[in-house]
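The exercises that follow concern charged pairs, burial and the nonpolar core of one protein chain. Please work through each task with the sequence and the model at hand before reading its solution.

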Amino acid sequence: MTHEDAGHYAAKHPGMQIDPNIAKAIADKEKDGRITCAAAHAIAKKLAVPPAVVGVNIDLLEKRIRRCQMGLFGYDR
């Protein structure tokens, strides 16, 4: 997505619905509209869902990922 698309992450997933359990877990871990990659992976493990499912819910909630473990989004450690 381009910089102009920022804040419109849900548009990547037409027809998808927010999972309330995942949304609650994200809300508990996010700060200032952002959640760490490590926290997203921990949520996936705790709820026994693939990390991609948590990622879709992060997008649907219009949250941003920070401290990406893959070195994306300006974090390389």
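A residue is called buried when its relative accessible area is under 20%, exposed when that value is over 50%, and partly exposed in between. The model is predicted, with an average pLDDT of 85 for the protein and 79% of the residues scoring at least 70.

**Exercise 1.** Classify the two partners of the salt bridge between Lys12 and Asp59 by their accessibility, and locate both in the chain.

*Solution.* Begin with the contact itself, in which the side chains of Lys12 and Asp59 approach to 3.0 Å, N to O. The two partners lie 47 residues apart and thereby link distant parts of the chain, since Lys12 belongs to the segment before helix H1 (20-29), whereas Asp59 belongs to helix H3 (residues 51-60). Next, take the accessibility of each: Lys12 has a relative accessible area of 42% and is therefore partly exposed, while Asp59, at 12%, is buried.

**Exercise 2.** Determine how many salt bridges the model contains, and describe those formed by Lys24 and Lys63.

*Solution.* The count comes to three salt bridges. In the one between Lys24 and Asp28, the closest N and O atoms are 2.9 Å apart; because these residues are four places apart in helix H1, about one helical turn separates them. Asp28 has a relative accessibility of 52%, so this residue counts as exposed. Turning to Lys63, its salt bridge is with Glu30, and the closest N and O atoms are 3.5 Å apart. This pair also joins distant parts of the chain, with Lys63 in the loop between H3 and strand S2 (64-66) and Glu30 in the loop between H1 and strand S1 (34-36), 33 residues apart. Glu30, at 23% relative accessibility, counts as partly exposed.

**Exercise 3.** Identify the residues of the largest nonpolar core, and establish which helix supplies its largest share.

*Solution.* The core has ten residues, namely Ile22, Ala25, Ile26, Ile35, Ala39, Ala40, Ile43, Ala44, Val54 and Ile58. At least two of its residues come from each of H1, helix H2 (37-47) and H3, and the largest share, four residues, is supplied by H2. As a last step, consider the core residue Ile43: once its neighbours within four places in sequence are set aside, Ile43 is in contact with Ala25, Ile26, Lys29, Ile35 and Val54.

**Exercise 4.** Which elements have the lowest and the highest mean pLDDT?

*Solution.* Comparing the elements of the protein, the lowest mean pLDDT, 86, belongs to S2, and the highest, 97, belongs to H1.

How values were computed
Residues are numbered from 1 along each chain as its sequence is written. This is a predicted model: local features need pLDDT of at least 70, side-chain atom pairs count only at pLDDT 80 or more; totals for chains, interfaces and linings use all residues. Side-chain values use heavy atoms; hydrogens and water are left out. A salt bridge is a side-chain nitrogen of Lys or Arg within 4 Å of a carboxyl oxygen of Asp or Glu. Buried means under 20% relative accessible area, exposed over 50%, partly exposed in between (1.4 Å probe, protein chains only). A nonpolar core is a set of buried Ala, Val, Leu, Ile, Met, Phe, Trp, Tyr and Cys residues joined through side-chain atoms within 4.5 Å. Contact means heavy atoms within 4.5 Å. pLDDT is the predictor's confidence in each residue, from 0 to 100.
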